[in-house]
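Biologist: I would like to learn how to read a few backbone and ligand features in a model. Could you walk me through them?

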Amino acid sequence: MTQELNGKIALVTGSCRGIGRACGKALAIAGAQVVLNWNESEDDINNVVTEIRSLGGKCMPVRADVSNEIDVRQMFNYIDEVWGAIDIVVNNAGVALSKPFLDSTEEDFQYIFDTNVRGAFFVGKEALRRMQGRSDLPRLINIGSELGYLGRPNNALYAASKAAMMNLTKSWATEFAPYVLVNTIAPGPISTRMLDPKRMSEESLELELNNPMGRLGTVDEVAGCVRFLSGPEATFITGQTLGPNGGAVMP
Ligand SMILES: NC(=O)c1ccc[n+]([C@@H]2O[C@H](COP(=O)([O-])OP(=O)(O)OC[C@H]3O[C@@H](n4cnc5c(N)ncnc54)[C@H](O)[C@@H]3O)[C@@H](O)[C@H]2O)c1
């Protein structure tokens, strides 16, 4: 445990596994009280809670579907009541779909954009409503993707949703300056259930490994970026994109 985020209240959406789980853990180890949002598996979130508490961290799970505005509003109201003003929000919940573009349906579009964009919109709105005008530099971090810059065959809807999310960062950073610091983390391929090398074709894996570092990243390498952008050393960084991607994108 360290103390750099002592006294801070953080929310990580979609934290029952993968990158969200690692972010929740990293923020708690840095001293923040962490709200672990989940909507899928109670067993998984209970494991995260147990792990963080066993390390001496403070956390509480809150169930909400980020694509549901009422759920999101209730989650923020609950945090206000139980813990108080939110300081750090990580828009991490996301879904992906790999499909040839011409086979993509309206339902696919809705599935991807509901969570990745509507969810970021609802969470961002509740967060920024609470963060605006404050003098203690609250943080909002969107988890984008390198595909938000690059696009990718068979991933057009996912890539477009991430581009939209990454653009929200820029508008929010401008509109809420100088009070709220808003940034994107745009990971390259990270080994999680969303991108599981064991379930990938050789061709897809080769595509993912095609970065200067020649490997997949880890969830902890993304969580380290979240921790940095949430901390006392990142007070002059806003509207930026940090890319744990092995050098795949050099903007
Ligand atoms: N894994 C990668 O290679 C990679 C690369 C770039 C960006 N990302 C992004 O990182 C984020 C986390 O991805 P991951 O790899 O950990 O995937 P994952 O599938 O392991 O985790 C996604 C999480 O989001 C949650 N979630 C999904 N829909 C939700 C909803 N409507 N409400 C609340 N929670 C919801 C899931 O329950 C899960 O906890 C996503 O936004 C993803 O797009 C992942």
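Biologist: Where is the place of P178?

Modeller: Happy to help, and please keep in mind that this is a predicted model. P178 sits in the loop between α6 and β6, the latter spanning residues 181-185.

Biologist: What is the omega of the peptide bond from A177 to P178 near?

Modeller: The general idea comes first. Most peptide bonds are trans. Here the bond from A177 to P178 is cis, with omega near 0 degrees.

Biologist: And phi? Which sign does phi of L137 have, positive or negative?

Modeller: Again, the background helps. Most residues other than glycine have a negative phi. L137 has a positive value, near 50 degrees. You will find L137 in the loop between α4 (106-131) and β5 (139-143). N154, also not a glycine, has a positive phi of about 70 degrees, and lies in the loop between α5 (147-150) and α6.

Biologist: Why does L137 count as partly exposed?

Modeller: The class depends on relative accessibility: partly exposed falls between the 20% and 50% cut-offs. L137 counts as partly exposed because its relative accessibility is 22%. N154 is at 39%, so N154 is partly exposed too.

Biologist: Is N37 buried or exposed?

Modeller: Buried means under 20% relative accessible area. N37 has 2%, so N37 is buried. N37 belongs to strand β2 (residues 33-38), and its side chain reaches the backbone nitrogen of G14 at 3.0 Å. Leaving aside residues up to four places away in sequence, N37 touches a set of residues including L11, V12, I45, V62 and M75.

Biologist: Now the ligand. Which residues come nearest to the ligand?

Modeller: A useful way in is to start from the shell and then look at atom pairs. There are 29 residues around the ligand, and D65, N92, Y158, I190 and T192 come nearest. For the pairs, a polar side-chain atom of T192 is 2.6 Å from an oxygen atom of the ligand. From I190, a backbone N or O atom lies 2.8 Å from a ligand oxygen. A polar backbone atom of G94 is 3.5 Å from an oxygen atom of the ligand.

Biologist: How much of the ligand does the protein bury?

Modeller: The idea is to compare the ligand alone with the ligand in place. Alone, the ligand exposes 830 Å², and the protein buries 96% of that. The space taken by the ligand is the largest pocket. Two or more residues of the shell around the ligand come from each of the elements α1 (18-29) and α6 (156-175).

Note on methods:
Residues numbered from 1 in each chain as written. Predicted model: local features only at pLDDT ≥ 70, side-chain atom pairs only at ≥ 80, totals over all residues. Heavy atoms only, no water. Helix = DSSP H or I, 4+ residues; strand = E, 2+ residues; numbered from the N terminus. Buried < 20%, exposed > 50% of the residue type's maximum accessible area, 1.4 Å probe, protein only. Polar contact = N/O pair within 3.5 Å; in protein donor to acceptor, adjacent residues only side chain to side chain. Contact = heavy atoms within 4.5 Å. Near = heavy atom within 4 Å. Areas by Shrake-Rupley, 256 points an atom, 1.4 Å probe, with all protein chains shown as cover. 1 Å grid on protein atoms, 1.4 Å probe; cavity = no way out; pocket = protein on both sides within 12 Å on 5 of 7 lines; lining within 4 Å. Sits in = over half its atoms within 2 Å of the grid points.
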